[in-house]
Amino acid sequence: MSIENINVIDFVSIDREDNVVLTVSDELIWDKENTHLVKLQDKLNAYLDAIDNGSLYESYPAAKGRKIVISVVSKYFPNEDGEQFLKRTRDVLESVGYGFRFSNLIK
């Protein structure tokens, strides 16, 4: 899967807390021009659209009635703009009842 394919939810799973986790597979480097950031924003918006328009529940009926967590798994560490974007994203998503997670493959 790819961050650049906004028409696909990369991974759907259910975690130990019984939440539905929608995972974004993010393989791009965080660039100074923030093209990566814009692509991530587009992907996240597509995930939210899938929730809002019901297509998530049509494709994954087990998601009904569960809390939704959006998880971004990134290959690279975010730059400063990326860190700010991720914090704002967490704040916005949590304010409307969703969870948000971000992690790096490289520790």
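Me: Where is Asn34 found, and is it buried or exposed?
Reply: In this predicted model, Asn34 lies in the loop between β2 and α1. Its relative accessible area is 18%, and buried means under 20%, so Asn34 counts as buried.

Me: What makes the phi of Asn34 worth a look?
Reply: Phi of Asn34 is near 65 degrees, a positive value in a residue other than glycine. Most residues other than glycine have a negative phi.

Me: Why is Asp18 called partly exposed?
Reply: Asp18 has a relative accessible area of 45%. Buried needs under 20% and exposed needs over 50%, so Asp18 falls in between. Asp18 sits in the loop between β1 and β2, and it too is a non-glycine with a positive phi, about 70 degrees.

Me: How do you know that β1 and β2 pair?
Reply: Pairing takes at least two bridges, and strand β1 (residues 11–14) and strand β2 (residues 20–26) have 4, in the antiparallel sense. One of the partnerships is Val12 with Leu22 of β2. The two strands form a hairpin with 5 residues between them.

Me: Why is α1 called roughly parallel to α3?
Reply: The axes of α1 (residues 35–52) and α3 (residues 80–95) cross at roughly 15 degrees and come within 11 Å. Angles under 35 degrees count as roughly parallel, so that label fits α1 and α3. Their crossing is right-handed.

Me: Which residues make that contact?
Reply: From α1, Leu37, Leu40, Gln41, Leu44 and Leu48; from α3, Asp81, Gly82, Phe85, Leu86, Thr89 and Leu93. They split into 7 nonpolar, 3 polar and 1 charged.

Technical notes: Residues numbered from 1 in each chain as written. Predicted model: local features only at pLDDT ≥ 70, side-chain atom pairs only at ≥ 80, totals over all residues. Heavy atoms only, no water. Axes fitted to C-alpha atoms, helices over the stretch in contact; angles between N-to-C directions. Parallel < 35°, antiparallel > 145°, perpendicular 65-115°, else oblique. Left-handed = near helix turned anticlockwise from the far one by under 90°. Contact = heavy atoms within 4.5 Å. Nonpolar A, V, L, I, M, F, W, Y, C, P; charged D, E, K, R; others polar. Buried < 20%, exposed > 50% of the residue type's maximum accessible area, 1.4 Å probe, protein only.
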